[in-house]
Amino acid sequence: MTPEPSLVATANQGLVLHEISKKFEKVVALDSASLAVRSGSIHALLGENGAGKTTLMRIAFGMIRPDTGTIRINDNLFSFASPADAIAAGLGMVHQQFSLVPEMTVAENVALGGKGRYDNRQTAARVAEIAAKLGMTMNPLAKVRNLTASERQKVEIIRTFAHQATTLILDEPTAVLTPRDIGDLFVQLRAFATNGGSVVLITHKLHDALEHADEVTVLRKGRVALSGSITDVTESALANAMLGQMQIRTPRNDRPTAVSSQRVLELKEVSLRDRHGIKQLAHVSLDVTQGEIVGVAALEGAARSMLRMMAGRTEPASGDIVRPASIGFVPEDRSQDALIPEFTLTENFALRNSAQRSGRVDWPMTRVLTETVIKEYDVRTPGPDISISSLSGGNQQKFVLGRELAGHPDLLILENPTQGLDVHAVAAIHEKVRSACKTGTAIVYYSSDLDELAALSDRVIVVADGTISETTPDRTLIGQSLLSTTST
């Protein structure tokens, strides 16, 4: 795809953060961390979950005030009181946790942070124009609450370009995008940089950093562990800087296929439509047995309705579904569907199965159970009375998984649970999923990462065009099945 010149920066600005420190209660998030983003370049910012990457960029974008340190853009000193100040200074940020207003349309969300009188027709036209130039499809009049996670990520990206930023900050922008969308995005980011813009790419994907970045900075425990030109580093050097010489790889699944014949979940000639009335399943039958992991491969948005039906969040249009009494559910968007950010860890733990309970909450017992999850799932936090919003994304995800598995459910439904997480967090989640499986929990696991499906699953079902087909847990075979099913 050919980059469009109207999408690139028109000013030559660089971003320099110097000796930034930030402490949240007892947690030191940043300790004299510095970052210099050269004009006309893509700068990768790496680090495991909790290393301070997002905190550093939120400080740059005016969302958080630093305890110490300075921010300069094009050698001018800035002190941002809000994101509006940062936007006015030429910064734009695509957040990992979406910052959209669900009840507003795409166009209305894109206009937020802008200046002057809002013109719906003009903004909608601008959204459509930018989406087309980015190779994306987007309805400017759609309500954000009706969009998939991937579509919401696209809105974040379109909004950043619409505000004509000269420095772009992208926090895990490819986590929920399709391969084609990812390719188109990097083409535009390179065009943006070539024309004088600056890009900060927060990512856990070493391959993306090595292939697309010009410079790289690695944070570990709030400090800079490595910084320099991408041509001077190797993948192993980046991994060592992130993890401190200890590299974790998720092994292939060598556990034998589940031998239990006890059915935990049964779909019998089930048909299902999503909230827009679009067919998702047509007369589908499926059994999931005790102690097995069933991987789900699907194109963008195709698996969500099915998984939520399995979890009991929706009901089929026709057919029968038999679910167990105890179901754990880890949704794709934890901030919207699994947690209340203002609540403490203990209060968020109390949300488990809340719709199925009545009576008073036993808070002392809930606190004990929360402390158990913190310990067993290595949730990095000073304690159970800390706000969940103060935790990194990886630690929030480990907490949600621990909460859902605390009652040893018969069935666990997982929606892309490792997207955007570092190798430590991914390995920890995989270990807990395998452990739950060995104790008898049946698991249905959707992932956009075919390697992950191949490593973790006993068998894989491919969902497309209202049907499902089964394949063995081999990456090549999964990919071939997915492409052949969706190309017909």
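Student: What makes up the lining of the second largest cavity, by class?

Tutor: In this predicted model, the lining has 4 nonpolar, 2 polar and 2 charged residues. The residues concerned are Phe98, Leu100, Pro102, Val144, Arg152, Asp333, Ser335 and Gln336. Phe, Leu, Pro and Val count as nonpolar and Arg and Asp as charged, so Ser and Gln fall among the polar residues.

Student: How do you know that this space belongs among the cavities that the search reports, and how many are there?

Tutor: The search of the whole structure finds 2 cavities of 30 Å³ or more. The second largest cavity has a volume of about 40 Å³. Its points are called a cavity because a 1.4 Å probe fits there but cannot get out.

Student: Why is the pair Phe78 and Phe80 given its class, and what is that class?

Tutor: The ring centres are 5.4 Å apart and the planes stand at 35 degrees. Rings pair if their centres lie within 6.5 Å, and planes under 30 degrees apart would be stacked while planes over 60 degrees would be edge-to-face. The angle of 35 degrees falls in neither class, so the pair is tilted.

Student: Which words describe the exposure of Phe78 and of Phe80?

Tutor: Phe78 has a relative accessible area of 28%, whereas Phe80 has one of 6%. Buried means under 20% and exposed means over 50%, with partly exposed in between. Therefore Phe78 is partly exposed and Phe80 is buried.

Student: What makes the pair of Phe161 and Phe192 edge-to-face?

Tutor: The angle between their planes is 85 degrees, and planes over 60 degrees apart count as edge-to-face. The centre-to-centre distance is 6.3 Å, and the limit for a pair is 6.5 Å. Phe161 lies in helix 5 (residues 149-162) and Phe192 in helix 6 (residues 179-194), 31 residues apart, and the pair links distant parts of the chain. Both Phe161 and Phe192 are buried. By this rule the structure has 2 aromatic pairs.

Student: How do you know that the charged end of Lys432 sits over the ring of Tyr377?

Tutor: The charged end of Lys432 is 4.7 Å from the centre of the Tyr377 ring. The rule asks for NZ of Lys within 6 Å of the ring centre and within 35 degrees of the ring normal. The distance lies inside that limit, and the contact is counted as a charge over the ring.

Student: What makes strand 4 and strand 5 a pair?

Tutor: Strand 4 and strand 5 (residues 76-78) are joined by 3 bridges and run antiparallel. Two strands pair if at least two bridges are found between them, so this case qualifies. Ile71 stands opposite Phe78 in strand 5. The hairpin of strand 4 and strand 5 has 2 residues between the strands, and Asn74 takes a positive phi near 55 degrees there. Strand 4 (residues 68-73) also pairs with strand 1 (residues 15-24), in the antiparallel sense and over 5 bridges. There, Leu15 has Ile73 as its bridge partner.

Student: How many bridges join strand 11 to strand 12, and how many join strand 11 to strand 14?

Tutor: Strand 11 is joined to strand 12 by 7 bridges and to strand 14 (residues 318-322) by 4 bridges. In both cases the strands run antiparallel. Val270 stands opposite Val284 in strand 12, and Lys268 stands opposite Asp320 in strand 14.

Student: Why are the phi values of Glu269 and His283 singled out?

Tutor: Most residues other than glycine have a negative phi. Glu269, in strand 11 (residues 263-273), has a positive phi near 50 degrees. His283, in strand 12 (residues 279-289), has a positive phi of about 55 degrees. Glu269, at 46% relative accessibility, counts as partly exposed, while His283, at 52%, is exposed, because the cut-off for exposed is over 50%.

Student: How do you know whether Ile386 and Thr203 are buried or exposed?

Tutor: Ile386 has 12% relative accessibility and Thr203 has 2%. Buried means under 20%, so Ile386 and Thr203 count as buried. Ile386 is in the loop between helix 12 (363-376) and helix 13 (393-405), and its C-alpha is 6.3 Å from that of Leu345, 41 residues apart in sequence. Thr203 lies in the loop between strand 8 (198-202) and helix 7 (206-212). Thr203 and Leu170 are 33 residues apart in sequence and 8.5 Å apart in space, C-alpha to C-alpha.

Conventions:
Residues are numbered from 1 along each chain as its sequence is written. This is a predicted model: local features need pLDDT of at least 70, side-chain atom pairs count only at pLDDT 80 or more; totals for chains, interfaces and linings use all residues. Side-chain values use heavy atoms; hydrogens and water are left out. On a 1 Å grid over the protein atoms alone, a cavity is a set of points where a 1.4 Å probe fits but cannot get out, and a pocket is an open set with protein on both sides within 12 Å along at least five of seven lines; lining residues have an atom within 4 Å of a point. Grid points are joined across faces, edges and corners, and a volume is the space filled by probe spheres set on the points. Rings of Phe, Tyr and Trp (its six-membered ring) pair if their centres lie within 6.5 Å; planes under 30 degrees apart count as stacked, over 60 as edge-to-face and the rest as tilted. Buried means under 20% relative accessible area, exposed over 50%, partly exposed in between (1.4 Å probe, protein chains only).
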